[in-house]
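This report looks at the fold, the interior, the surface and the charged pairs of one protein model. The sequence and the structure come next.

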Amino acid sequence: MKALIDLLARRVRLYRPDGNPLRRRSDRLEALAVLVTGLVVLAGVWPAVVVGRLAYEGALHEESAHAVGRHQVRATLLADAPAARVALTEMPVGEQRAMASWTTSSGAARSGPVPVPGVARAGSTVPLWIDAAGRPVPPPTARTVLRARGVVTGLLLMSVIALAAAGGFAGFRWWTDRRRYQEWEIQWARAGEDWGRRRSP
């Protein structure tokens, strides 16, 4: 932790504005680029919050649209749950199904495979979500899950903004470093010429 604090302190001393006469124009430009990069990252916080909020509200609206006519009933198992997990294509890994029967809100009888716990026995009941036609549907997504998705969306956008700002600064620093090396070569060449003139008889 102390090493990180020391590193940050050195960076602050390196880029803070001062009246050091040894600072070159490229040094001041690099310090300005650091400031601009920080401001861009800070400015990206608000759009990230807005996008995360919109993602959450959009998911909530979509969930509400799917919830029309969806309600929960009790399904009676017609067979024991499978003892072993089976491969399923349209459900989470590890979920098992067994035949069951249920009654819709209109009184119609339905039957079919439904998700069940591994220890469920024939004759027991399990909760089941169905649509207006009486067909099994996934349960509603919890609001905490929708909020988490919105937060993740906002964080992803914030990460993209921060990476783009850092990439821009890295490119600018690469350009300033090239300029510094060129200036050093020119100054060393001039210093060599001056030194040669002073040593000549």
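## Terms and basis

A residue is called buried when its relative accessible area is under 20%, exposed when it is over 50%, and partly exposed in between, with a 1.4 Å probe and protein chains only. On that scale Glu57, at 35% relative accessibility, counts as partly exposed.

The model is predicted, with local features requiring pLDDT of at least 70 and side-chain atom pairs counting only at pLDDT 80 or more, while totals for chains, interfaces and linings use all residues. Residues are numbered from 1 along each chain as its sequence is written, and side-chain values use heavy atoms, with hydrogens and water left out.

## Overall fold

The protein contains four helices and four strands, where helices (H or I, at least four residues) and strands (E, at least two) are DSSP runs numbered from the N terminus. Read from the N terminus, the order of these elements is α-α-α-β-β-β-β-α. Of the 201 residues, 22% are buried. Among contacts (heavy atoms within 4.5 Å) with a separation of 6 or more, 61% join residues that are 24 or more positions apart.

The exposed area of the protein is about 14,400 Å², and carbon and sulfur atoms supply 64% of it; accessible areas come from the Shrake-Rupley method with a 1.4 Å probe, and for residues only the protein chains shown count as cover.

## Strand pairing

Two strands are taken to pair if DSSP finds at least two bridges between them. Strand β2 (residues 96-103) and strand β3 (residues 109-116) do so in the antiparallel sense over eight bridges, and Thr103 has Ala109 in β3 as its bridge partner. The hairpin of β2 and β3 has five residues between the strands, and in this hairpin Gly107 takes a positive phi near 95°.

Strand β1 has two antiparallel pairings: with β4 over six bridges, and with β2 over two bridges. Ala75 is bridged to Val126 in β4, whereas the bridge partner of Leu77 is Ala100 in β2.

## Nonpolar core and surface patch

A nonpolar core is a set of buried Ala, Val, Leu, Ile, Met, Phe, Trp, Tyr and Cys residues joined through side-chain atoms within 4.5 Å. The largest one has 13 residues, of which Ala75, Leu77, Trp102, Val114, Val116, Val126 and Leu128 touch the most other members. At least two residues of this core come from each of β1 (71-77), β2, β3 and β4 (125-130). In soluble globular proteins, nonpolar side chains tend to be buried together.

On the surface, Leu32, Leu35, Val36, Leu39, Val40 and Leu42 make a nonpolar patch of about 560 Å². Patches consist of residues with over 30% relative accessible area and no salt bridge, with like charges joined within 9 Å and nonpolar side chains (Val, Leu, Ile, Met, Phe, Trp, Tyr) within 5 Å. Leu32 is located in helix α2 (residues 25-43) and is partly exposed, with a relative accessible area of 47%.

Thr37 also lies in helix α2, but Thr37 is buried at a relative accessible area of 18%. Leaving aside residues up to four places away in sequence, Thr37 touches Ala165, Ala166 and Phe169.

## Salt bridges

Four salt bridges are found in a search of the whole structure, each being a side-chain nitrogen of Lys or Arg within 4 Å of a carboxyl oxygen of Asp or Glu. One of them joins the side chains of Glu57 and Arg53 (2.9 Å, N to O); these two residues are four apart in helix α3 (residues 45-66), and are therefore separated by about one helical turn.

Asp80 and Arg121 form another, with their closest N and O atoms 3.7 Å apart. Because Asp80 is in the loop between β1 and β2 and Arg121 in the loop between β3 and β4, the pair ties together parts that are 41 residues apart in sequence. Asp80 is partly exposed at 41% relative accessibility, and Arg121 is exposed at 54%. The side chains of Asp131 and Arg135 also meet in a salt bridge (3.0 Å, N to O); here Asp131 is buried, with a relative accessible area of 14%, while Arg135 is exposed at 53%.

## The loop before the last helix

Pro139 is found in the loop between β4 and α4 (143-199) and is exposed, with a relative accessible area of 52%. Its C-alpha atom is 5.8 Å from that of Trp129, ten residues apart along the chain. When residues up to four places away in sequence are not counted, Pro139 touches Arg70 and Trp129.
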